[in-house]
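Please explain how the helices of this structure are arranged, and which of their residues face inwards or outwards.

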Amino acid sequence: MISVEEFCSHHHLEVNFIYSLREYGLVELVSNEDNDFLSANQLNELEKIVRLHYDLNVNMEGIDVILHLLKQLENTQNELAGLQNQLKFYRKPG
């Protein structure tokens, strides 16, 4: 777990950006007393989101669409790899 404050400080972000992402459903926060935290398994995706938003000026709706399409692409690639492995298994040598 990493605190929202620490993440934002490290990436030079406003804390409100993370809360906007939460409101849009793009990240989940864990609250503990007076602090909010991000789980470590979200950090890679969150850094992607930061780059999309700040480097490419993509809005929240665009980020949501891009992440959805990337997830579909990843699933399709995994399915293709599985099918290629099955095909190799059933091919006869020679």
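Helices and strands are DSSP runs numbered from the N terminus, a helix (H or I) having at least four residues and a strand (E) at least two. The model is predicted, so local features need pLDDT of at least 70 and side-chain atom pairs count only at pLDDT 80 or more, while totals for chains, interfaces and linings use all residues. Residues are numbered from 1 along each chain as its sequence is written, and side-chain values use heavy atoms, with hydrogens and water left out.

Helix 1 spans residues 4-11, and its buried residues (under 20% relative accessible area, 1.4 Å probe, protein chains only) are V4, F7 and C8. They lie on the same side of helix 1, because they cover an arc of only 95 degrees around the axis, the arc being that of the directions from the helix axis to the C-beta atoms. The face turned away from this buried side carries E5, S9 and H10, which are exposed (over 50%). The buried residues of helix 1 pack against several elements, among them helix 2 (15-24) and helix 3 (43-56), where contact means heavy atoms within 4.5 Å. Just after helix 1, H12 takes a positive phi of about 55 degrees.

Helix 3 has 14 residues. In helix 3, L46, I49, V50 and L52 are buried. Seen down the axis of helix 3, these residues fall within an arc of 165 degrees, so they line one face of the helix. N44, D55 and L56 are exposed on the other side of helix 3. The cover over the buried residues of helix 3 includes helix 1, helix 2, strand 3 and helix 4 (60-90). Just after helix 3, N57 takes a positive phi of about 55 degrees.

Note on methods
Expected span 1.5 Å × (residues − 1).
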